[in-house]
Amino acid sequence: MHEASLPLDRPAPPPAAQAGAIAVRSLPPQAQAHARWDAFVHACPDATFFHRAGWQTVMEQGFGHDSHFLYAEQDGRIAAVLPLAHLRSRLFGSALVSLPFCVYGGIAGASAPARQALDAAAQALARRLGVGHLEYRWREARQGAPDDAQAGWLHHPRYATFRRALHADAEQNLLAIPRKQRAVVRKGMANGLHSAIDYDLQRFYPLYAASVHRLGTPVFARRHFALLRSVFGDACDILTVYAGQEAQASVLSFYFRDEVLPYYGAGSVLARGSGANDFMYWETMRRAGARGCRLFDFGRSKLGTGAYDFKKNWGFAPQPLPYASRLVRAKALPDVNPLNPKYALFIRAWRRLPLPLANLLGPHIVRQLG
């Protein structure tokens, strides 16, 4: 049968893909597609734990945010990835972010044309969604990243991250901690503190909720942490520090390649006096080294905060995070920052709320912050 005589209702065959052509696609929810995405992320040098496909589930099921996980495909292979989520907030407007609630993000991939294709697709998506701004949470400046010379990109250097190599030998890691902070760790040892890996949220969540309440910060829902444990499995654990049978500090950590990322940490009101907070991070470091991790990622902190100084006191050098944003419909970037004086009244009021009420209201507010 000649092509001209094909039935009119039969679709024409798709044109063959041109060799070397780049196609931008959306990540489907199937497990096989997630495994393919994660295989690329694991092998990509500039990808991070927060580029993993599981964050699509966390964004959608945990926070109710639409996700747009884009990848560039070339010659049948993934060449670059860009996880995005549409953050909608009655307080702060809307934004397309890579990635909300994550310290790192942006485009990951070695191919400059693939990165450029994803950036163009993200900007088009941001315009179509009518968001206030598009944000990439780069971990480090790199070739192909937006820079100040590129019209329309804004940089907000308010965060730094703290990363340092781990030794295989625990004693070397202990000696790498500056003397004053090492003395606090040894104080925790002398006080008989000990740690254990927890397999539920029974001890972690009450400590975490009370800790952020004292800071005047809304808390995540318990189900957020349960979802993280479910989605990431062995790449996510909880370590709790005890004085006798009493839990005094607890931290939920992520593992990626040979890195450990203690991400959500909390201590009781007794933790500072006993040294439990420092002992908790030491135990995370010690156990991670035994597990084969060779890099300790202390995470990001805002410049000028106590957390920033705490990490410096541990001997970690701050590395500025070159986050970049592009305005779409907004006239200026929202200043979602607890150091912003206009939030001082809210923080003081939140601290005065009864803890059960704060735990009830917090998850409805925190999902808008990103």
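In this predicted model, the sulfur of Cys236 lies 12 Å from the closest cysteine sulfur, which belongs to Cys102, and that is too far for a bond. A disulfide is a covalent bond between the sulfur atoms of two cysteines. The cut-off used here for such a pair is 2.5 Å between sulfur atoms, so at 12 Å Cys236 and Cys102 do not qualify. Cys102 is in no disulfide, and the structure as a whole holds 0 disulfides. Both cysteines are covered by protein: Cys102 is buried at 1% relative accessibility, and Cys236 is buried at 3%.

The table sets these two cysteines beside two leucines discussed below.

| Residue | Relative accessibility | Class |
|---|---|---|
| Cys102 | 1% | buried |
| Cys236 | 3% | buried |
| Leu129 | 26% | partly exposed |
| Leu357 | 33% | partly exposed |

Cys102 is also among the residues touched by Trp55, beyond those up to four places away in sequence. The others are Phe49, Phe50, Phe69, Leu99, Leu228, Phe232 and Phe254. Trp55 is one of the residues with the most contacts inside the largest nonpolar core, together with Phe50, Phe225, Leu228 and Phe254. This core has 54 residues, and its largest share, 6 residues, comes from helix H6 (residues 204-215). A second core, separate from it, has 27 residues, including Leu193, Val260, Cys293 and Trp314.

Trp55 is part of helix H2 (residues 54-62), where Gly54, Gln56, Val58, Met59 and Gly62 are buried along with it. The cover over the buried residues of H2 includes two helices, H1 (31-43) and H7 (222-232). Strands S2 (66-74), S3 (77-89) and S10 (246-256) are also among the covering elements. Just after H2, Gly64 takes a positive phi of about 75°.

Leu129 is in helix H3 (residues 112-129). With neighbours within four places in sequence left aside, Leu129 is in contact with His68, His86 and Leu96. Its C-alpha atom is 9.7 Å from that of Val328, although the two residues are 199 places apart along the chain. Leu129 is partly exposed because its relative accessibility of 26% falls between the 20% limit for buried and the 50% limit for exposed.

Leu357 sits in helix H12 (residues 355-366) and is partly exposed, with a relative accessible area of 33%. On the surface, Leu357 joins Leu360 and Leu361 in a nonpolar patch. Together, these three leucines have about 250 Å² of accessible area.

Key
Residues are numbered from 1 along each chain as its sequence is written. This is a predicted model: local features need pLDDT of at least 70, side-chain atom pairs count only at pLDDT 80 or more; totals for chains, interfaces and linings use all residues. Side-chain values use heavy atoms; hydrogens and water are left out. Patches are made of residues with over 30% relative accessible area and no salt bridge: like charges are joined within 9 Å, nonpolar side chains (Val, Leu, Ile, Met, Phe, Trp, Tyr) within 5 Å. Accessible areas come from the Shrake-Rupley method with a 1.4 Å probe; for residues, only the protein chains shown count as cover. A salt bridge is a side-chain nitrogen of Lys or Arg within 4 Å of a carboxyl oxygen of Asp or Glu. Helices (H or I, at least four residues) and strands (E, at least two) are DSSP runs, numbered from the N terminus. Buried means under 20% relative accessible area, exposed over 50%, partly exposed in between (1.4 Å probe, protein chains only). A nonpolar core is a set of buried Ala, Val, Leu, Ile, Met, Phe, Trp, Tyr and Cys residues joined through side-chain atoms within 4.5 Å. Contact means heavy atoms within 4.5 Å.
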